[in-house]
Structures are given as C-alpha cells and as structure tokens.
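Welcome! Please take a moment to turn the model around on your screen before reading on.

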Amino acid sequence: ALLVGSLATSTGSIIIRLAEAPALAVAAWRLTLATIIIAPFSIAPLRREIGRLSRRECGLLVGAGACLSLHFAFWISSLSYTSVASSVVLVATNPLWVALILRFVLRERIPRGSVVAITVALVGAVVISAGDLTLSLRALWGDVLALLGAIAGSAYFMLGRAVRAKLSTLAYVWPCYAIAAGLLIVYALAAGQPLWGYRLPTYGMFLLLALGPQILGHSSYNWALGYFSPILVTVALLGEPIGASLLAYLVLGEAPTLGVWLGGPLILAGILLAAWQERRG
C-alpha cells in the first residue's frame, strides 16, 4: 500500500502543472471531487464508527482536516514559484517535522541519532534554498511555501494518529477530505481565484488529481497510519521526490537544479537516518 501510495502521489505535481488553473482552485477541486467520489462508500462506515470517538478525538479529526487543507494550499502554491524537484523534495521532509512535533509539542524524548538525522536533512533544505536564491527570490518563496506544506502535512498525520486507530480508512479520510475541501473553497474564493470557467482538459486534470494522487495515493498512506507510526508512514513519501523529478524531466523538460542534486541527497539521508533510528528504538 505504501508503494502504491508513493507511485500515485509522484504524479501529482506534474498533473498540477498541466492544469491551467490557479493553485487554490486546483486544490479545492482535487479535494472536492475526491470527497464526492468516495462518499457512497464512506457514509455507512462513518455512521457506524463515529460514536467511538470522544469529543476530544472529534476535535482532532476536524484539526486534521484543517491541516490537510493548509498542506495542499501551501504546497500546490509552491509549484507556481519553484521547480517541481525543489518543491517535492522539500515537502517530503515530513518525518523531520513529525519528530520535532513529538519532541517540542508532545514532550516525547528524541534519541540523539534522530537529532543528527534532523540536522543533516535541514542542512539539505538550506542547500536547496540557497541554490534557488541564486535563481530568484521567487524560487526561494516557493521553497518556503513547500516547507510550510510539509509542516502542515506533518501536523495532519500527527493529529490523525489517535483518530485513525479507532476508525476504518474510509470513515477517517472522508471527513478529513470534506473539511479540507470546504476550507479550500473558502481560501480560493477569498483569494479571488475562480472555481469555474476553465477549459475542459483542465477539469480532466482535476479528476485525475482526485482519483490518482488523492484517493489512491493519500488514502493508502492513511490506511497505513493504522498500522505504523507517523514517522515510518511519512518516510514512504520519499518515493515522491524521485518519481516526480523524473516525470518533470520527461514530461515538462524541467531538469533539477544544482541545489537539488546537492541538497536532495542530504534530505533523503537525514530522513532515512531518522527511520533507522526509530526502527532501532
């Protein structure tokens, strides 16, 4: 499931680039269509299982949906400013932010090896950003948006950790997707980004995003969240930078920058070190 999720999400950034629509509109359509498509299969299990949640856990579920909306708002916006390779490498730093949340928010101890891993990966992020700074401040802003997307995505996984243990996959992802879709529609309208009036191929891209990267990709990660820790689940996201960078070169003719070649391996090494440390622990 994690392999399938990684392959499916690798196509997301390419489809977004091919969709001729502003970022928040793309994100709103992606989550809205995904919510509609899985609704017939999700309502019944959600009705059966929602009673298992306490009021606090219901709040965590709403918070997870809100963080998911911010994740897509930041990350999809980043693709308008920086390269696909830079964006997907930086947004894949989820395990590092999860570790920081565990330490400074939940007050859980982080082993020394994990601290080393976080440091290595953050150095890689700085290298990528420095490389984009030589391109333009616009590219650097895209890197910042991608990192914000990673932080929001990490919060989404952490908030959903306890809730996912009590709900089946569909009963968990449907309310998350629905909340995120509603918020993204609000974001798009507030930013003056229209939801209608696009060419037919663009609506086809919206549908592809909902079916592939969202339903097949993210839902696979959420399924795995019921069996593995958030750090190990987010480590599976490492396949996305590799696949997306390859597709960006083949489909868009977009070669990775020198900063990505130098900083990307550091980020991947840091995340793998974090995973190894957790497995060892």
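What follows is a walk through this structure, from its inside to its surface and on to its aromatic rings. Keep in mind that the model is a predicted one.

Let us begin inside. The largest nonpolar core is made of 62 residues. Within this core, the residues with the most contacts are Leu31, Phe72, Trp75, Ile76, Tyr156, Tyr172 and Tyr177. Many helices can be traced into it: two or more residues each come from α2 (12-18), α3 (23-49), α4 (55-78), α5 (84-91), α8 (137-164), α9 (169-190), α10 (200-224) and α12 (239-252). Of these, α3 provides the largest share, with 13 residues.

Tyrosine 156 is a good place to pause. Leaving aside residues up to four places away in sequence, tyrosine 156 touches Ala64, Cys67, Leu68, Tyr172, Cys176, Tyr177 and Asn222. Two of those names, Tyr172 and Tyr177, also appear among the core residues with the most contacts. There is a second core too, separate from the one just described; it has 16 residues, including Val89, Ile118, Ala125 and Val235.

Next, find helix α2, which holds both serine 13 and leucine 18. Is serine 13 buried or exposed? Serine 13 counts as buried because its relative accessibility is 0%. Its neighbours, again not counting residues up to four places away in sequence, are Trp75, Leu79, Val84, Val88 and Ala244. Leucine 18 tells another story: its relative accessibility is 39%, so leucine 18 counts as partly exposed.

Leucine 18 also leads us out to the surface. Together with Leu246, Tyr249, Leu250 and Val251, Leu18 makes a nonpolar surface patch of about 510 Å². Which helix gives the most to this patch? That helix is α12, with four residues.

Now for the aromatic rings. The structure contains seven aromatic pairs. One of them joins tryptophan 29 and phenylalanine 206, whose rings are stacked, with 5.6 Å from centre to centre and 10° between the planes. This pair links distant parts of the chain, since tryptophan 29 sits in helix α3 and phenylalanine 206 in helix α10, 177 residues apart. Both partners are tucked away from the surface by the usual cut-off, under 20% relative accessible area for a buried residue. Tryptophan 29 has a relative accessible area of 15% and is therefore buried. Phenylalanine 206, with a value of 0%, is buried as well.

Phenylalanine 206 has another ring partner, tyrosine 203, and here the arrangement is edge-to-face: the centres are 5.7 Å apart and the planes meet at 85°. Why are these two separated by about one helical turn? The reason is that tyrosine 203 and phenylalanine 206 are three residues apart in helix α10. Tyrosine 203 has 21% relative accessibility, so tyrosine 203 counts as partly exposed. Step back a little and you will find that ring pairs join Trp29, Trp196, Tyr198, Tyr203 and Phe206 into a cluster.

To finish, look for leucine 273 in helix α13, which covers residues 258-280. With a relative accessibility of 36%, leucine 273 counts as partly exposed. Then locate leucine 137: leucine 273 and leucine 137 are 136 residues apart in sequence, and their C-alpha atoms are 31 Å apart in space.

Note on methods: Residues numbered from 1 in each chain as written. Predicted model: local features only at pLDDT ≥ 70, side-chain atom pairs only at ≥ 80, totals over all residues. Heavy atoms only, no water. Core = buried A, V, L, I, M, F, W, Y, C linked by side-chain atoms within 4.5 Å. Buried < 20%, exposed > 50% of the residue type's maximum accessible area, 1.4 Å probe, protein only. Contact = heavy atoms within 4.5 Å. Patch = residues over 30% accessible without salt bridge, like charges linked within 9 Å, V, L, I, M, F, W, Y side chains within 5 Å. Areas by Shrake-Rupley, 256 points an atom, 1.4 Å probe, with all protein chains shown as cover. Salt bridge = Lys/Arg side-chain N within 4 Å of Asp/Glu carboxyl O. Phe/Tyr/Trp six-rings, centres within 6.5 Å; stacked < 30°, edge-to-face > 60°.
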